[in-house]
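Student: Got a minute to go through this one with me? I'd like to start with a bit of strand pairing.
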Amino acid sequence: MLGWELPPNNSGGLGVACYSLCQALSRSQVDIEFIVPYLGHHSADFMTVTASQPAGVKVFREGGSAYDSYKYVFSDGRQQSFGIFEQQKIFEESIASTTEGKAFDIVHAHDWLTFRAALRLKEERGCPIVLHVHSIESDRAGGKPGNPLVHEIEATSLNLADKVVAVSQFTKDSIIRDYNIPPDKIEVVHNKINLNQIEPLDSENAYHYLSAMRAQGYRIIVNIGRLTIQKGLNNLLQAFKDVVAYEPKTLLLIVGAGELHYELLEMSADLGISRNVIFTGFLRGKAWRDAYAIGDLFVLPSVSEPFGLTPLEAIGYQTPVLVSRQSGVSEVLKHCLKVDFWDTKEMTNKIVSVVRSDALRQNLQANAVQEVSSQSWDQAADKLLAVYRRALNAGVAV
Amino acid sequence: MSKAIVLYLHVHQPYRVRHYTIFDSGQKHDYFNADLEKSENNQQILQKVAQKSYIPANQRLLKMLQQYPQFKLSLSITGTVIEQLEQWAPEALKSFQDLTATGRVEIVAETYHHSLAFFYSRREFEMQVKMHRQKIEALFGQTPRVFRNTELAYNNDLAYWADKAGYKGVLAEGWDSILGWRSPNYVYRPQYTEDIALLLKNYKLSDDIAFRFGDREWSEWPLTAEKFVNWLKADQKATNFNLFMDYETFGEHQWGESGIFEFLEHLPKYWLKDQAQIFATVSEAIDQFQPVGDIDVPNTVTWADTERDLSAWLGNSMQQEAIKALYGLQDQIIASKDLSLIEDWRCLQTSDHFYYMCTKWFNDGDIHAYFSPYETPYEAFTNFMNVYHDLKYRLAKHQEKV
């Protein structure tokens, strides 16, 4: 399996999804070697995690966030910084030597950064490749075409793949729309969450200020995610301005980092709601978990969200959710509120109704927990095994 | 000794609340006017049901009444559906009047607004029963003598009230927990009453028609009138078979293609072959058959869901919050003497609004989902509560003027 990140070196949901999926697959006796482009400290005992080391490189990326530029130190002492696109190329070039002498039946690769490496293996080994799409370029570009180089990699590899896995019907539709891939080649395997495996909370919430405000009757709306165009936070701020007009005792907690950070900060000032909006920056661990837990409502306002794991995590921390209809997760959740990402009026309407009604909040929360509890990654693993079988059988037929 | 089929059909449509947002509260008071293309548009629904059910079924029923002088039935028609028929399908309303003009169709009493007021405000409940009686007298020229509460919600208190109010009978669900080993196919007397009878729905036979008729997986499919009559004959001692169901069973819940209309038309043909077998309206059944025992119902029984209680309307905290908020406005609303405000408040009491907020089986996309025009129970609640805030806004405006 080829991937770009695994926890704890992940920047978002991709690493979590890969990790949980492999764990479930291993329970079905799938033997997995997971190849990442960096040296990390992973604690997965159900698979082998290998760093793909480029020839002639002594030190390369060690953990950290997977999408930054990285300084590589070559064996001749030379140092060079590489951006994400070059790293992707290095990964492709190193994959042959990393897999040399190893036997495998199938290559399963996650997202465009690893797709060329997968193609390289298909070319060299003739084994079937399954390309797993967690997001495509038009998602990441917030509905715009995005980077033409990435677009080209996705177009070529998805066309040459034996099977394509999409994390939602929403993503499958985008793949068909953007790349004209035959629908019957694409299988939808929704992401899941194992509620019994989420990190438990401790007795005290880290947000003392917010807890105190809650006790005074304030209600807290939470968003957790990267601050990028794809996530639609400008619409949430727009809607939140009206929420505050109706219910002044409402606060918005925004957790995450990204290129829009300052823009959003400025926007909330322009809207006159700075006093009610709190930006925390990027968080991990306890502060991250507690942010879910302190919320009265979690909002995912994404413009284009292939899946969106955060609402499921929020439900895991007993917080009800409002999700954009332009998200994969909205396909698998019934007990939640849904809104079109552009419909800021309706977003306000729904947030206000939750702020005003304990009963609405409790019903949403209790029913969502029950709904999500019945899901597990094993269901996703079963679907994937069927995809593997079909890919292997098709290979035999040729 | 003769035995009777007591066919009773319930006709009702609510005023569904449109998608009503927080921005509408304090701005617009047209709660029930959804856009034409919306699933909760009342005119569209009413006209669809009139075309698929009321008009074709009434045609058949009228033909049967003309063809078989012994054929009889009972109807209940809520005030909210009558108003909508007057407005959007007068020809369908006329077809109901044609039925009652035969003198063999009895209309049953109930609340005008199909409300659960009995459980929240006796004063309001009695007002709505009176409004309904006046409407029925004006349109159909008869005064109802037998009472049914909304959703057949029944308990000892209701029977006591109906007895004091002068009704000769009450309708209720013949649920196992109140009957025990006894059969619903007799007339009973409610415990603690003096002069009133109880007719209990035979839910097995009723649901064979109302729910299972078109189900091809059902072992008895296809159900013919002849087969059905043979089932009734098998119970030799019974006096009355109470077949109670939604009127919309004919053509709406069971589509015309299922053969439901033909079933209806053939029923008198096979049943009336034996002279001892008759049709009776609810009052006639009570006049003709003596009660065989007392029935004690301390806890409320309804005709919905496997629980047969009020949980489909009041089972979760959203439903409770909404209905308590609404009845909490009663004194101010009535005191305002603002007729349009009072009428809007009453239309919001219709039990359907609370049914749409039910989360019980929302997962399975079952019957609740089928009957709800909203995507989720949460939308139903949000719309309703935004309307509630508007009622409060209007009340405040009113008090400013005074």
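Tutor: Sure. Let's start with Val299(A), which stands opposite Leu322(A) in β14(A). Keep in mind that this is a predicted model.

Student: OK, and in which sense do β13(A) and β14(A) pair?

Tutor: They're parallel, with 3 bridges between β14(A) and strand β13, residues 297-300 of chain A.

Student: What do β13(A), helix α11 and β14(A) make together?

Tutor: A right-handed β-α-β unit, where the helix α11 of chain A covers residues 310-316.

Student: How many bridges join β14(A) to β15(A)?

Tutor: 3 bridges, and those two strands run parallel as well; β15 of chain A is residues 337-339. Ser324(A) stands opposite Val339(A) in that pairing.

Student: Which way do the side chains of β14(A) point?

Tutor: Val321(A) and Val323(A) go one way, Leu322(A) and Ser324(A) the other. All four residues of this strand, 321-324, are buried.

Student: Switching topic. How many residues are in the largest nonpolar core?

Tutor: 226 residues. Those with the most contacts inside that core come from both chains: Ala118(A), Leu131(A), Val164(A) and Ile351(A), plus Val6(B), Val170(B) and Leu171(B). As a general point, nonpolar side chains in soluble globular proteins tend to be buried together.

Student: Take Leu171(B), then. What does Leu171(B) touch?

Tutor: Leaving out residues up to four places away in sequence, Leu171(B) touches Tyr8(B), Val108(B), Val146(B), Arg148(B), Leu152(B), Leu199(B), Phe244(B) and Val282(B).

Student: And between the chains, how many residues does the contact take from each?

Tutor: 18 from chain A and 14 from chain B. On the chain A side, the elements that give two or more residues are α12 (344-356) and α13 (358-373). By class, that side of chain A has 6 nonpolar, 7 polar and 5 charged residues.

Student: What about domains in chain B?

Tutor: The assignment gives domain 1 as 3-295 and domain 2 as 311-401. Taken over C-alpha atoms, the centres of those two domains of chain B are separated by 24 Å.

Student: How many residues of each are in contact?

Tutor: 28 residues of domain 1 of chain B contact 22 residues of domain 2 of chain B. The domain 1 side has 10 nonpolar, 13 polar and 5 charged residues.

Student: Now the backbone oddities. Where are the cis peptide bonds you'd point me to?

Tutor: Here are two. The bond from Pro7(A) to Pro8(A) is cis, with omega near 10°, and Pro8(A) sits in the segment before α1 (13-27) of chain A. In chain B, a cis bond joins Trp221(B) and Pro222(B), with omega about -5°. Pro222(B) is in the loop between α7 (203-210) and α8 (225-234) of chain B.

Student: Why pick those out?

Tutor: Because most peptide bonds are trans, and most residues other than glycine have a negative phi.

Student: What's phi like at Asp111(A), then?

Tutor: Positive, about 70°, although Asp111(A) isn't a glycine. You'll find Asp111(A) in the loop between β6 (107-110) and α3 (112-125) of chain A.

Student: Is Asp111(A) buried or exposed?

Tutor: Asp111(A) counts as buried because there are 21 C-beta neighbours inside 10 Å.

Student: And Arg308(B), what's phi there?

Tutor: Near 50°, again a positive value in a residue other than glycine. Arg308(B) lies in the loop between β12 (294-295) and α11 (311-314) of chain B. With 20 C-beta neighbours inside 10 Å, Arg308(B) counts as buried, as the cut-off is 20 or more.

Note on methods
Residues are numbered from 1 along each chain as its sequence is written. Chains are lettered from A and ligands numbered from 1 in the order in which they are written. This is a predicted model: local features need pLDDT of at least 70, side-chain atom pairs count only at pLDDT 80 or more; totals for chains, interfaces and linings use all residues. Domain bounds come from an automatic or database domain assignment. Two residues are in contact if their C-beta atoms, placed from the backbone, lie within 7 Å. Ala, Val, Leu, Ile, Met, Phe, Trp, Tyr, Cys and Pro count as nonpolar, Asp, Glu, Lys and Arg as charged, and the others, Gly among them, as polar. A nonpolar core is a set of buried Ala, Val, Leu, Ile, Met, Phe, Trp, Tyr and Cys residues joined through C-beta atoms within 7 Å. A residue is buried if 20 or more other C-beta atoms lie within 10 Å of its own, exposed if 12 or fewer, and partly exposed in between; C-beta atoms are placed from the backbone. Two strands pair if DSSP finds at least two bridges between them. A crossover is right-handed if, with the strands pointing away from the viewer, the path from the first strand over the helix to the second runs clockwise.
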